[in-house]
Every structure is written in structure tokens, then in C-alpha cells.
Amino acid sequence: TNAPPLDWTRCFFRRLLPDLPAVMHRHYTLDVAAPLLRTQGYVDGRWISAASVFPVLDPATGQELARVSDCGPGEAKQAVDAAYKAFQSWKGTTAKERSLLLRKWHDLMMLHKEDLAKLITFECGKTMRESIGEVMYSSSFLEWFSEEARRMYGDIVPSPFKDRKILQLKQPVGVASIITPWNFPSAMITRKVGAALAAGCTVVVKPAEDTPLSALALAELAEQAGIPAGVFNVVPSSREKTPSVGHVLCTDPLVAKISFTGSTATGKVLLKLAADTVKRASMELGGHAPFIVFDSADVDKAVAGAIASKFRNSGQTCVCANRFFVQSGIYDLFLEKLGQAMDSELRLGHGSDPETTQGPLINVRAAEKVVNQVSDAVSLGAKVLRGGKRLEGSFMEPTLLADVTTDMLCTREETFGPLLPVVRFNTEEEALAIANASNVGLAGYFYSQDVSQIWRVAEALEVGMVGINEGIISTSEALFGGVKQSGLGREGSNHGINEYVEVKYMCFGGLKL
């Protein structure tokens, strides 16, 4: 490629960075309206304290933001009982009543979007621009499912017998345990809860230990919206208490369904726990998304898509591109333009700084994982064209690797960080073979202007979601979910509500017609 030598690149890259030691030691104030900064659990319409608290930290500085009630199995059981009691009346509400409440909740989120975004930025490290985007995305699920609540149609099936009528009726499954990750601390809740409440279910939410403040703010707004007591419950807990809380949420016989977003390894554990009581389960698990650029692609659009997909939330999204495959004819050009785009567009810093495009990783362990993948790749012959260094705290330079091969760690496991490894390929068949050589299949992306190739590749990719000439694909109107070990079920879209209903067959016999 025409990329500059490594030493020069790092020197240039430093000019794009803030004084990170100053960022780490500067005090940033989380200025949020008091009612939205909640630190207690929310159970049965009441704010409850636990016997102990745990700290919530700003990943950019390590500074403590708040201390939150550390709920344990006792509080989790209390929440399940409250949700089960509330279900007995909530399931009897009309679809229109549920619709209006969800829409009011959405409207309150929009009214307070700036404060909700600040909570996201400070507890998970996103830039304010991305956090505002998440709030808009999060609230869209409440709006969408407020509308879907009134379209939960059953069926009347033509009967083979003249004296019988066949009906198929959709009914809510019951109490749903909602276990969510830190990387989308608001949207991963509403995508599940919006569908559950629209269907007539009640929920107990266990937010990630790193990001409970966003979940508790949603509880405050749910209360303001008039969501009845016990319908929406939140039990925050520390890393230490999470296993015992999760055990209650996955084994209690009053829980009818679990919905989880997180790692494949954790999902398997939760499925085993749920098996004894044969609970319904939907799982959105790990991804390892391929990003393929064919010779026919518009290279500039492919570069823009790569930047958007890879570096959103500093590479910490489940659908972010993880393995980049570029055809030989445009390999050098793609790397050159991608490096230039990284130089001009990416800037590290605290998420509250309007110039920042790249915040920190969620913690030091996450940064160390990226460093380990870079070191492994370099030891096996990869070249660092941009970045490559871990900075202070959990900051990591956006990193571009060339001459990557499929035996390197970065192409065999999900990164969850700002590392962009590029593999050269020659034929379409070769690209598909290496793209599909994974036991997970959440999202995949490719760029091509060959219409026949677009149809072939889109159908051949073994993933649940495909971005064709597009790096950002998520929206409430479209389904979300994967194949293989990337999970079970679908969220969002008109399909999402079906994860929270049972279909009952009703046969009316003895009719005189």
C-alpha cells in the first residue's frame, strides 16, 4: 500500500489524540436532572434499597459516578413475585390501553433525550452523538411496539368439518426475565421490553453491572408514563451477585420466558438453567461479522461503510464488522483510502467532548484483549498501518492491520474493540468459504455493484442479517437476530412480539350451521 511508515503514522496519529493523561485526570460532571439519576432498585412500583451498594464508574476516567443498590437473589425473587402478581391484571388490559402507555413512555424518552444520552455516555463511554442516536433508537422500539400491540392478530382457519370452527389465539406467555448488556444500555432493554409489554407480559430487567443507571432512568420514566406497579421491574446487581440473580431469573417457576443479549458462552449457561423448567428463550449472542469488498465495489462507499460499522462505539457492538476481506484487485487502494479516512475522521477522547468520535473501551480487560490480538497478528506476519497501541486506562488506538491471515486470533474470535484486520482474497468462492467458516452468524456485510453477485452472496452468507452496500443496518422496523451459535429467535419488526406469545388452538364443535 501507499500507507506511510509506521513510526510516522503513530506520530501523526498522536496529533489526532487529546492529551489522554489530562482526560484521565480531569473531572467530568454528570449533569442530569435529579429524577432520572436513580440509584435504587425498582420493584412493584417502589424504589428499594439493598443491603449493600456497588460503584458505577466512568470508563474514560475511572471516576465514580454513583453507588447503586446491589440487589441479590432476595430482591430478584421479590421482583419475580411482583411481576407475576401484576401479570394477572396486565394480561387483561386491552391492546389499545397497552399501546397508549407505551407511546407515552416513548414521548417521555424523547422529552428527556439529552439527559438519557448523558447517562449512556458517562457509564459506557459512548460519544454524545452516538448516545443521542441510541436514545432515538431505544425510544423507537416503544413507539413501534405500541403500534404492534394493536396488530397482534390471531386466525380463523377453514375447518374440514361443517360443525366445527377452528380459532388460533395469541396470548402472552407471562413473566419475562430480561438480561441485557452494557454496550447498548437503553436500546437492548426497550427492544425486549417494548415487545413484552405490548404482548401483555410483565418483566424483570437485570441490567449489566457496568451500566445500571440507564435502566433505572427508564424505570423512572415508565412510572411517570403510568405503567402499573409490577409490570416493569429493575434489579441492578454487582458482578459478584450477578450469577445468583441470574439463577433466580432463569429457574424460578413463575418466570415463563428469558430474553438475553450477551456472549455465546453466557447464553449457553442461561439456556441450561432454563431447561429444567422448559422456559421459552430468545438469545442474541456473539457475532463475528464478515465485511467483504469485491473488485466491483464502489471503494469510497466501502471505506465509509467500514468506518461506520467498525468504529461505532469504538468497535463494541455485536453487529460490528470483525473480519474484513478485500479482493486482490482493489486491496491496496482500499487500504490506502481507509487509512486516510481513519486519519481524518477519528479522534479519541471523553464522550462528552463534542470533537470526540472514539471513546474508551468499557474497561481495562477489553483493551488488553485488543492488544493481545494485535500482538498475535504481528507475530504471525501482519503489518500495523494505523494505531496499534493501548493508551492510558482503557483507551485503545483505532488500529488497521494489513497482510492478515485466517490463522490469526483476530480472525478467529470476536474482538469487541477498534481493530480492523484486512485479509486479501482472490475469488468469490474463497471469500464465502472463509466468511462462513465460523460457528456464529449474526450479521454480515459486503460491497458489490454486480447485481447477480449481490443475490448470490446475500443468499449464501450464513448470517441472520446482511448489509449490502451499507454498514449500519439496525432499525426497529426490521428484525434482529442470528443463526448458528449467534442465538435463538428474533427481536424488533413485526416478528419481535411473537417471542412473547403462545398460540392457543380453540376448536368450537357441535355447531348447527
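Are E499 and K257 buried or exposed? I looked this up early, and both E499 and K257 come out buried, where buried is under 20% relative accessible area, exposed over 50% and partly exposed in between (1.4 Å probe, protein chains only).

**Ground rules**

I am working on a predicted model, so I noted that local features need pLDDT of at least 70, that side-chain atom pairs count only at pLDDT 80 or more, and that totals for chains, interfaces and linings use all residues. Residues are numbered from 1 along each chain as its sequence is written, and side-chain values use heavy atoms, with hydrogens and water left out.

**Entry: the E499 pair**

I went back to E499 and K257 because their side chains form a salt bridge, N to O at 4.0 Å, the rule being a side-chain nitrogen of Lys or Arg within 4 Å of a carboxyl oxygen of Asp or Glu. The two sit 242 residues apart: E499 is in the loop between strand 21 (487–488) and strand 22 (501–508), and K257 is in strand 10 (residues 255–261). For elements I used DSSP runs numbered from the N terminus, with helices as H or I of at least four residues and strands as E of at least two.

**Entry: other salt bridges**

I ran the search over the whole structure and got 26 salt bridges. One of them joins E209 to K206, with the closest N and O atoms 3.8 Å apart. I checked burial here too: E209 is buried at 17% relative accessible area, and K206 is buried at 4%.

Next I pulled up D403 and K383, whose side chains meet in a salt bridge at 3.6 Å, N to O. This pair is 20 residues apart, with D403 in strand 15 (residues 399–404) and K383 in strand 14 (residues 383–386). D403 is partly exposed, at 31% relative accessible area.

I also found a salt-bridge network that links R191, K192, E284 and E491.

**Entry: two domains**

The domain assignment splits the protein chain into domain 1 (41–285 + 489–502) and domain 2 (290–475); such bounds come from an automatic or database assignment. Their centres, taken over C-alpha atoms, are 31 Å apart. I counted who takes part in the contact (heavy atoms within 4.5 Å): 23 residues from domain 1 and 26 residues from domain 2.

How much area is buried between domain 1 and domain 2? I get about 1,800 Å², and carbon and sulfur atoms give 60% of that; this is the accessible area (1.4 Å probe) that the two parts lose on being put together, summed over both.

I looked for salt bridges across the interface of domain 1 and domain 2 and the rule found 0. It did find 6 residue pairs in polar contact there, both residues at pLDDT 80 or more. A polar contact is a pair of N or O atoms within 3.5 Å; within protein, one must be able to donate a hydrogen and the other to accept it, and residues adjacent in sequence count only if both atoms are side-chain atoms.

On the side of domain 1 that touches domain 2, helix 5 (113–124) and helix 6 (128–148) each supply at least two residues. Helix 5 gives the most, with 4 residues.

**Entry: F324**

Last stop was F324, in strand 13 (residues 321–327). F324 is buried, at 0% relative accessibility. Leaving aside neighbours within four places in sequence, F324 is in contact with F291, A306, K310, L420, P421, V422 and V423. I also took the C-alpha separation of F324 and A431, which is 9.9 Å for residues 107 apart along the chain.
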